[in-house]
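Good morning, and thank you for coming. Please look at the sequence and the structure on the screen while I speak.

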Amino acid sequence: AVHDGDVYVLEVNPRASRTVPFVAKATGIPVARYATQLLLGTKLADLDLTRRGEGMFFIKAPVFPWARFPGSDVVLGPEMRSTGEVMGVGWSFGEAYAKALIAAGMSIPVTGGVFMSVRDRDKGPELRALAGALTHLGFTLHCTTGTHSWLAENGIPTRHVFKVREGRPDVVDHIKNGDIQLMINTPLGRKAMHDERAMRLAGLRYGVPCITTMEAAQACLAAIRAVRADELRVVKLQGIQ
(Lines give C-alpha, C1' and ligand atoms only; values in the text may rest on other atoms or scores of the structure.)
Protein backbone atom coordinates (compact mmCIF):
# COMPACT_ATOMS: atom_id res chain seq x y z
CA ALA A 1 0.00 0.00 0.00
CA VAL A 2 1.22 3.52 -0.81
CA HIS A 3 0.22 6.46 1.40
CA ASP A 4 1.64 9.98 1.13
CA GLY A 5 4.53 8.69 -0.94
CA ASP A 6 5.51 5.97 1.55
CA VAL A 7 5.31 2.28 0.67
CA TYR A 8 3.96 -0.02 3.38
CA VAL A 9 4.50 -3.77 3.20
CA LEU A 10 1.30 -5.42 4.41
CA GLU A 11 2.38 -9.00 3.95
CA VAL A 12 5.40 -11.02 2.94
CA ASN A 13 3.83 -14.02 1.28
CA PRO A 14 6.11 -17.06 0.82
CA ARG A 15 5.10 -19.52 -1.87
CA ALA A 16 2.81 -22.41 -0.95
CA SER A 17 1.22 -20.44 1.88
CA ARG A 18 -2.27 -20.78 0.42
CA THR A 19 -2.39 -23.49 -2.20
CA VAL A 20 -0.65 -26.22 -0.21
CA PRO A 21 -3.02 -25.96 2.81
CA PHE A 22 -6.00 -25.94 0.42
CA VAL A 23 -4.79 -29.05 -1.40
CA ALA A 24 -3.99 -30.75 1.91
CA LYS A 25 -7.51 -30.17 3.26
CA ALA A 26 -9.19 -31.11 -0.01
CA THR A 27 -7.28 -34.38 -0.44
CA GLY A 28 -6.62 -35.34 3.17
CA ILE A 29 -2.92 -35.66 2.32
CA PRO A 30 -0.55 -33.70 4.64
CA VAL A 31 1.45 -32.27 1.75
CA ALA A 32 3.80 -30.07 3.81
CA ARG A 33 4.70 -32.89 6.23
CA TYR A 34 5.27 -35.34 3.40
CA ALA A 35 7.44 -32.82 1.56
CA THR A 36 9.60 -32.44 4.66
CA GLN A 37 9.91 -36.20 5.01
CA LEU A 38 10.98 -36.49 1.37
CA LEU A 39 13.68 -33.88 1.93
CA LEU A 40 14.93 -35.97 4.86
CA GLY A 41 15.21 -39.12 2.75
CA THR A 42 11.80 -40.80 2.83
CA LYS A 43 10.70 -42.29 -0.49
CA LEU A 44 7.35 -41.68 -2.20
CA ALA A 45 6.56 -45.38 -2.05
CA ASP A 46 6.69 -45.19 1.76
CA LEU A 47 4.02 -42.47 1.98
CA ASP A 48 0.25 -42.91 2.07
CA LEU A 49 -0.90 -40.83 -0.90
CA THR A 50 -4.46 -42.17 -0.93
CA ARG A 51 -6.82 -39.29 -1.49
CA ARG A 52 -9.83 -38.82 0.80
CA GLY A 53 -13.05 -36.99 0.01
CA GLU A 54 -13.67 -38.69 -3.34
CA GLY A 55 -16.81 -37.45 -5.07
CA MET A 56 -16.79 -34.11 -3.24
CA PHE A 57 -16.11 -30.63 -4.58
CA PHE A 58 -13.63 -28.19 -3.05
CA ILE A 59 -13.63 -24.62 -4.36
CA LYS A 60 -11.21 -21.86 -3.44
CA ALA A 61 -12.56 -18.33 -3.88
CA PRO A 62 -10.69 -15.03 -3.50
CA VAL A 63 -11.75 -12.35 -1.06
CA PHE A 64 -11.53 -8.81 -2.43
CA PRO A 65 -11.32 -5.64 -0.30
CA TRP A 66 -13.62 -3.50 -2.46
CA ALA A 67 -15.79 -2.36 0.45
CA ARG A 68 -12.72 -1.24 2.45
CA PHE A 69 -11.46 1.04 -0.32
CA PRO A 70 -14.30 3.43 -1.25
CA GLY A 71 -14.32 4.29 -4.93
CA SER A 72 -12.27 1.28 -6.04
CA ASP A 73 -13.67 -0.49 -9.10
CA VAL A 74 -14.43 -4.21 -9.11
CA VAL A 75 -12.95 -4.86 -12.55
CA LEU A 76 -9.97 -7.18 -12.36
CA GLY A 77 -6.60 -6.68 -14.01
CA PRO A 78 -3.21 -8.39 -14.12
CA GLU A 79 -2.22 -7.32 -10.63
CA MET A 80 -2.99 -9.23 -7.43
CA ARG A 81 -5.99 -7.60 -5.73
CA SER A 82 -7.36 -10.32 -3.46
CA THR A 83 -6.54 -10.10 0.24
CA GLY A 84 -7.49 -13.62 1.23
CA GLU A 85 -9.15 -16.84 0.18
CA VAL A 86 -11.92 -19.11 1.42
CA MET A 87 -12.84 -22.73 0.73
CA GLY A 88 -16.26 -24.12 -0.05
CA VAL A 89 -16.89 -27.85 0.38
CA GLY A 90 -19.91 -29.70 -0.94
CA TRP A 91 -21.30 -32.83 -2.54
CA SER A 92 -22.14 -30.87 -5.70
CA PHE A 93 -20.39 -28.09 -7.58
CA GLY A 94 -23.26 -25.70 -6.86
CA GLU A 95 -23.19 -26.39 -3.12
CA ALA A 96 -19.42 -25.89 -2.88
CA TYR A 97 -19.48 -22.75 -5.02
CA ALA A 98 -22.37 -21.26 -3.05
CA LYS A 99 -20.53 -21.82 0.23
CA ALA A 100 -17.36 -20.25 -1.21
CA LEU A 101 -19.25 -17.15 -2.41
CA ILE A 102 -21.05 -16.74 0.92
CA ALA A 103 -17.78 -17.12 2.85
CA ALA A 104 -16.19 -14.50 0.59
CA GLY A 105 -18.93 -12.05 1.53
CA MET A 106 -21.19 -12.29 -1.52
CA SER A 107 -24.95 -12.53 -1.17
CA ILE A 108 -26.61 -15.08 -3.46
CA PRO A 109 -30.04 -13.95 -4.63
CA VAL A 110 -32.77 -16.53 -5.07
CA THR A 111 -35.44 -14.15 -6.38
CA GLY A 112 -35.67 -10.69 -7.89
CA GLY A 113 -34.04 -9.01 -10.86
CA VAL A 114 -30.86 -9.75 -12.79
CA PHE A 115 -29.14 -7.06 -14.85
CA MET A 116 -27.41 -8.39 -17.97
CA SER A 117 -25.16 -6.49 -20.36
CA VAL A 118 -22.70 -8.63 -22.29
CA ARG A 119 -20.27 -8.01 -25.12
CA ASP A 120 -21.07 -9.29 -28.61
CA ARG A 121 -18.70 -12.25 -28.50
CA ASP A 122 -20.55 -13.58 -25.43
CA LYS A 123 -23.90 -13.54 -27.27
CA GLY A 124 -24.33 -17.18 -28.17
CA PRO A 125 -25.68 -20.50 -26.93
CA GLU A 126 -24.19 -20.03 -23.44
CA LEU A 127 -25.96 -16.69 -22.95
CA ARG A 128 -29.23 -18.12 -24.28
CA ALA A 129 -29.01 -21.06 -21.87
CA LEU A 130 -28.06 -18.82 -18.94
CA ALA A 131 -30.82 -16.28 -19.55
CA GLY A 132 -33.37 -19.01 -20.16
CA ALA A 133 -32.46 -20.77 -16.91
CA LEU A 134 -32.68 -17.55 -14.89
CA THR A 135 -36.09 -16.78 -16.43
CA HIS A 136 -37.26 -20.32 -15.66
CA LEU A 137 -36.21 -19.80 -12.03
CA GLY A 138 -38.46 -16.74 -11.87
CA PHE A 139 -35.91 -13.95 -12.16
CA THR A 140 -36.75 -10.80 -14.11
CA LEU A 141 -34.03 -9.89 -16.60
CA HIS A 142 -33.07 -6.23 -17.07
CA CYS A 143 -30.90 -5.75 -20.15
CA THR A 144 -29.25 -2.95 -22.08
CA THR A 145 -30.18 -2.37 -25.73
CA GLY A 146 -27.87 -4.86 -27.46
CA THR A 147 -28.41 -7.71 -25.00
CA HIS A 148 -32.14 -6.98 -24.81
CA SER A 149 -32.52 -7.15 -28.61
CA TRP A 150 -30.43 -10.33 -28.92
CA LEU A 151 -32.38 -12.18 -26.22
CA ALA A 152 -35.70 -11.01 -27.68
CA GLU A 153 -34.68 -12.50 -31.04
CA ASN A 154 -34.04 -15.75 -29.20
CA GLY A 155 -37.44 -15.79 -27.54
CA ILE A 156 -36.38 -14.73 -24.03
CA PRO A 157 -38.35 -11.84 -22.49
CA THR A 158 -36.40 -9.04 -20.80
CA ARG A 159 -36.95 -5.49 -19.62
CA HIS A 160 -34.97 -2.81 -21.43
CA VAL A 161 -32.92 -0.48 -19.22
CA PHE A 162 -30.69 2.47 -20.05
CA LYS A 163 -26.97 2.55 -19.51
CA VAL A 164 -25.60 5.49 -17.52
CA ARG A 165 -26.05 8.73 -19.53
CA GLU A 166 -28.41 7.07 -22.06
CA GLY A 167 -31.57 8.17 -20.27
CA ARG A 168 -33.45 7.89 -16.99
CA PRO A 169 -34.17 5.78 -15.11
CA ASP A 170 -30.87 4.08 -15.86
CA VAL A 171 -29.31 0.94 -14.42
CA VAL A 172 -27.92 2.81 -11.39
CA ASP A 173 -31.45 4.05 -10.59
CA HIS A 174 -32.77 0.49 -10.76
CA ILE A 175 -30.01 -0.69 -8.41
CA LYS A 176 -30.83 2.08 -5.93
CA ASN A 177 -34.54 1.26 -6.13
CA GLY A 178 -33.89 -2.39 -5.26
CA ASP A 179 -35.01 -3.77 -8.64
CA ILE A 180 -31.74 -5.61 -9.28
CA GLN A 181 -30.19 -8.28 -7.03
CA LEU A 182 -27.45 -9.54 -9.37
CA MET A 183 -25.40 -7.99 -12.18
CA ILE A 184 -23.82 -9.87 -15.09
CA ASN A 185 -21.64 -7.49 -17.06
CA THR A 186 -18.87 -8.52 -19.47
CA PRO A 187 -17.27 -5.24 -20.61
CA LEU A 188 -15.25 -5.00 -23.84
CA GLY A 189 -12.28 -2.66 -23.82
CA ARG A 190 -11.23 0.25 -21.65
CA LYS A 191 -14.04 2.54 -22.80
CA ALA A 192 -16.71 0.07 -21.79
CA MET A 193 -15.02 -0.46 -18.42
CA HIS A 194 -14.96 3.31 -17.85
CA ASP A 195 -18.56 3.84 -19.01
CA GLU A 196 -19.90 1.10 -16.75
CA ARG A 197 -17.88 2.03 -13.68
CA ALA A 198 -20.78 3.93 -12.06
CA MET A 199 -22.95 0.85 -12.35
CA ARG A 200 -20.40 -1.41 -10.69
CA LEU A 201 -19.77 1.10 -7.88
CA ALA A 202 -23.52 1.38 -7.27
CA GLY A 203 -23.71 -2.40 -7.01
CA LEU A 204 -20.87 -2.39 -4.51
CA ARG A 205 -22.53 0.32 -2.44
CA TYR A 206 -25.91 -1.41 -2.32
CA GLY A 207 -24.60 -4.95 -1.90
CA VAL A 208 -25.46 -6.21 -5.38
CA PRO A 209 -22.94 -8.82 -6.63
CA CYS A 210 -21.32 -8.04 -9.99
CA ILE A 211 -20.10 -10.86 -12.23
CA THR A 212 -17.81 -9.98 -15.12
CA THR A 213 -17.31 -13.28 -17.01
CA MET A 214 -19.72 -15.79 -18.52
CA GLU A 215 -17.92 -18.65 -16.79
CA ALA A 216 -18.52 -17.07 -13.38
CA ALA A 217 -22.14 -16.38 -14.32
CA GLN A 218 -22.70 -20.06 -15.12
CA ALA A 219 -21.07 -21.06 -11.84
CA CYS A 220 -23.27 -18.56 -9.98
CA LEU A 221 -26.34 -20.11 -11.60
CA ALA A 222 -25.30 -23.48 -10.15
CA ALA A 223 -24.90 -21.82 -6.74
CA ILE A 224 -28.36 -20.24 -6.96
CA ARG A 225 -29.89 -23.61 -7.78
CA ALA A 226 -28.10 -25.22 -4.82
CA VAL A 227 -29.35 -22.54 -2.41
CA ARG A 228 -32.91 -22.77 -3.70
CA ALA A 229 -32.81 -26.55 -3.37
CA ASP A 230 -31.60 -26.20 0.25
CA GLU A 231 -28.49 -28.26 -0.53
CA LEU A 232 -26.10 -26.39 1.77
CA ARG A 233 -25.02 -28.64 4.62
CA VAL A 234 -22.22 -28.56 7.18
CA VAL A 235 -19.27 -30.74 6.19
CA LYS A 236 -16.62 -31.65 8.75
CA LEU A 237 -13.15 -31.88 7.26
CA GLN A 238 -12.22 -34.41 9.96
CA GLY A 239 -15.05 -36.63 8.73
CA ILE A 240 -13.68 -36.98 5.21
CA GLN A 241 -9.98 -37.27 5.97
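How many salt bridges does the structure hold? This is a predicted model, and in it there are 7 salt bridges. I shall take several of them in turn, and for each I shall say how accessible the partners are.

Let us begin with Asp-122 and Arg-119, which form a salt bridge with their closest N and O atoms 2.9 Å apart. Is Asp-122 buried or exposed? Asp-122 has a relative accessible area of 14% and is therefore buried, since buried means under 20%. Its partner Arg-119 has a relative accessible area of 22%, so Arg-119 is partly exposed.

The next pair is Asp-120 and Lys-123, whose side chains meet in a salt bridge with an N to O distance of 2.9 Å. Here Asp-120 counts as exposed, at 58% relative accessibility, whereas Lys-123 counts as buried, at 18%.

The third pair is Asp-170 and Arg-168, with 3.9 Å between the closest N and O atoms of their salt bridge. Asp-170 is buried, with a relative accessible area of 6%, while Arg-168 is exposed, with a relative accessible area of 62%.

There is also a network of salt bridges, and it links Glu-95, Lys-99 and Arg-233. Please keep Glu-95 in mind, as we shall meet this residue again.

I now turn to the chain as a whole. Its secondary structure comes to 10 helices and 9 strands. Of the 241 residues of the chain, 39% count as buried. Consider next the contacts between residues at least 6 apart in sequence: 66% of these join residues at least 24 apart.

In what order do the strands of the open sheet lie? The sheet has 5 strands in the order E7-E6-E5-E8-E9, and the pairing is parallel. Its edge strands are E7, residues 159-160, and E9, for each of these pairs on one side only.

Let us go through the sheet from the E7 side. E6 and E7 pair in the parallel sense over 2 bridges, and His-142 has Arg-159 as its bridge partner in E7. Two helices pack on this sheet. Helix H4, residues 125-136, touches E5, E6 and E8, and its direction makes about 170° with that of E5. Helix H5, residues 145-153, touches E5, E6 and E7, and the direction of H5 makes about 130° with that of E6.

His-142 deserves a further word. This residue is found in strand E6, which covers residues 140-143, and at 4% relative accessibility His-142 counts as buried. Leaving aside neighbours within four places in sequence, the contacts of His-142 include Val-114, Met-116, Val-161 and Ile-180.

Farther along the order we come to E8. Strand E5, residues 113-118, pairs with E8 in the parallel sense over 5 bridges, and Ser-117 has Asn-185 as its bridge partner in E8. On to E9: 2 bridges join E8 to strand E9, residues 210-211, and these strands run parallel. In this pairing Met-183 stands opposite Cys-210.

How many residues of strand E8, residues 182-186, are buried? The strand is mostly covered, with 5 of its 5 residues buried. Leu-182, Ile-184 and Thr-186 point one way from E8, and Met-183 and Asn-185 point the other way.

Ile-184 leads us to a helix, because Ala-217, which is buried with a relative accessible area of 2%, touches Leu-130, Ile-184 and Ile-211, not counting residues up to four places away in sequence. Ala-217 lies in helix H9. Ala-217 and Leu-130 are 87 residues apart in sequence, yet their C-alpha atoms are 7.9 Å apart in space.

Finally, let us see how H9 meets another helix. Two packed helices are described by the angle between their axes and the distance between the axes. Helix H3, residues 93-103, and helix H9, residues 214-228, pack at an angle of about 100°, with their axes 7 Å apart. H3 and H9 are therefore roughly perpendicular to each other. On the H3 side the contact is made by Phe-93, Gly-94, Glu-95, Tyr-97, Ala-98 and Leu-101. On the H9 side the residues include Ala-216, Ala-219, Cys-220 and Val-227. By class, this contact has 11 nonpolar, 1 polar and 1 charged residues. Here we meet Glu-95 again, a residue of the H3 contact that is also linked with Lys-99 and Arg-233 in the network of salt bridges.

Key:
Residues are numbered from 1 along each chain as its sequence is written. This is a predicted model: local features need pLDDT of at least 70, side-chain atom pairs count only at pLDDT 80 or more; totals for chains, interfaces and linings use all residues. Side-chain values use heavy atoms; hydrogens and water are left out. Axes are lines fitted to C-alpha atoms, for helices over the stretch in contact, and angles run from 0 to 180 degrees between N-to-C directions. Helices (H or I, at least four residues) and strands (E, at least two) are DSSP runs, numbered from the N terminus. Angles under 35 degrees count as roughly parallel, over 145 as roughly antiparallel, 65 to 115 as roughly perpendicular and the rest as oblique. Contact means heavy atoms within 4.5 Å. Ala, Val, Leu, Ile, Met, Phe, Trp, Tyr, Cys and Pro count as nonpolar, Asp, Glu, Lys and Arg as charged, and the others, Gly among them, as polar. A salt bridge is a side-chain nitrogen of Lys or Arg within 4 Å of a carboxyl oxygen of Asp or Glu. Buried means under 20% relative accessible area, exposed over 50%, partly exposed in between (1.4 Å probe, protein chains only). Two strands pair if DSSP finds at least two bridges between them.
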